[in-house]
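Welcome to a short tour of this protein. Take a moment with the sequence and the fold before reading on.

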Amino acid sequence: MSVNEQMVQDIVQEVMAKMQIASDVTGSHGVFADMNEAIEAAKKAQKIVGKMSMDGREKIISNIRKKTVENAEILARMGVEETGMGNVGHKILKHQLVAEKTPGTEDITTTAWSGDRGLTLIEMGPFGVIGAITPCTNPSETVLCNTIGMLAGGNTVVFNPHPGAIKTSIYAINMINEASIEAGGPDNIACTVQKPTLDSSNIMMKHKDIHLIAATGGPGVVTAVLSSGKRGIGAGAGNPPALVDETADIRKAAEDIVNGCTFDNNLPCIAEKEIVAVDSIADELMHYMVSEQGCYLASKEEQDALTAVVMKDGRLNRKCVGRDAKTLLGMIGVTVPDNIRCITFEGPKEHPLIATELMMPILGVVRAKDFDDAVEQSVWLEHGNRHSAHIHSKNIDNITKYAKAIDTAILVKNGPSYAAIGFGGEGFCTFTIASRTGEGLTSASSFTKRRRCVMTDSLCIR
Ligand code: NAD
């Protein structure tokens, strides 16, 4: 560890210790003992935000961006330390991405019609206080990204974060409120409770002052939110296949897929979770993965041992989620050098390490007899989540056929999965991909309601 790394690690330890001591202090920059109090505080803050100019909102957002960059390393280290998941270097990049590429108020656009009968506008107005539920896989990234978008839309937000990432989430929420106060805004633009539970989540979902809920997580939470009787944005689970056909640049496909799969130890919901390769190039692809991309080829016995460790009683072992390949292999008694970053093997699509959304760098390869078979197997593996899929092909007819068949919110062609969220690809960033409810990649406008504003017979100056 270098001197700088040691300094940041010391700061993280100090912050984590202080947060332990401060866990009884309530009302501090958005943190409350009780969900009702948190919602009340966010409601008061929203009254102020609602009267602020767009420029005022943008000043707060700029300060949140600045603090996110300044605190990226601390947030990254806290996230890894608290959840035991992910990779510090990649989490730093994710925070920088949130700061730089999450859309702000520029995303709130107006539609206008003018003519003989006057002027009509569609303006995007705030919902008020939004309830947000966030995952442990991208804890502070999601809190920051959601807040920027929701605030740009004129809302404030109450979070019920994953309990396993509460310290990291609270650090981000404190930082957001400090940024607001420094920029002339109110405290409590983002609020939470000290100890989030299913009860606090239920209070939030049923509260009369919450009109929109954004849920980022697995199928359970999305179903709960969509059953709440409130409007819900459901950003649910995925199991993205990467299809490789015979027209692809096979060597580059191996590099892109392994880069995407291993990013933050495979935690992002968009990351490549398995490969479907047509028979004629499957061996060549695996050759490059193993010889050039740091993939460890697991034997049948090693696959069985990994399955037993990763899937405890048919359920995903949380102790394996977000771990690196070397650690996972260590759990089954296999020692590998540091350059090993991914585990691969060939298997049928039904293999538990292939069919399950693992969120760890295990990348099974399914062989398909031809392109149509590859599409069919990929669609099966995506499990109807309609979330993300990827393809490596130079045949636009094949790409089009796959895109229509798999029907996902995200489809990356000829690149690593993270290009979808603006990292090495065009477009904005988000950590809430509303696969279930159809908003797709959420941004500020997703958190607004459409309001029609009509002036009759005047204000048309054409
Ligand atoms: P998780 O589903 O265990 O938890 C997510 C959040 O939901 C947590 O805050 C948790 O406390 C809460 N929760 C879970 N069940 C609930 C219920 N019945 N009622 C109310 N709240 C409930 O997921 P996780 O392990 O934190 O994150 C990983 C999962 O999230 C993966 O499936 C991944 O694909 C998905 N995810 C999706 C997106 C997206 O944008 N679509 C982004 C990140 C993660």
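The notes below cover the annotated region, the two domains and the surroundings of the ligand.

Please keep in mind that this is a predicted model. An unreviewed UniProt entry places the feature "domain: Aldehyde dehydrogenase" at residues 33–425. Across that stretch, helix accounts for 46% of the chain and strand for 20%, while the C-alpha atoms at its two ends lie 41 Å apart.

**Two domains**

The protein splits into domain 1, covering 3–236 + 440–453, and domain 2, covering 241–426. Their centres, taken over C-alpha atoms, are separated by 31 Å. Where they touch, domain 1 contributes 14 residues and domain 2 contributes 14 residues. On the domain 1 side, α5 (88–101) and β19 (440–441) each provide at least two residues, and α5 gives the largest share, with five residues. That side of domain 1 is made up of three nonpolar, eight polar and three charged residues.

**Around the ligand**

Which residues come nearest to the ligand? Of the 26 residues around it, they are P135, G217, G218, A237 and C269. Among the elements, β4 (129–134), α8 (198–206) and α9 (219–226) each supply at least two residues of this shell. The largest share comes from α9, which provides three residues.

Here is how the shell divides by residue class:

| Class | Residues in the ligand shell |
|---|---|
| Nonpolar | 12 residues |
| Polar | 13 residues |
| Charged | one residue |

So much for the ligand's surroundings; α9 is a good place to begin looking at the shell, with its share of three residues.

Conventions: Residues numbered from 1 in each chain as written. Predicted model: local features only at pLDDT ≥ 70, side-chain atom pairs only at ≥ 80, totals over all residues. UniProt positions renumbered as here; feature names shortened; annotations may be inferred. Helix = DSSP H or I, 4+ residues; strand = E, 2+ residues; numbered from the N terminus. Near = placed C-beta within 6 Å. Nonpolar A, V, L, I, M, F, W, Y, C, P; charged D, E, K, R; others polar. Domains from an automatic or database assignment. Contact = placed C-beta atoms within 7 Å.
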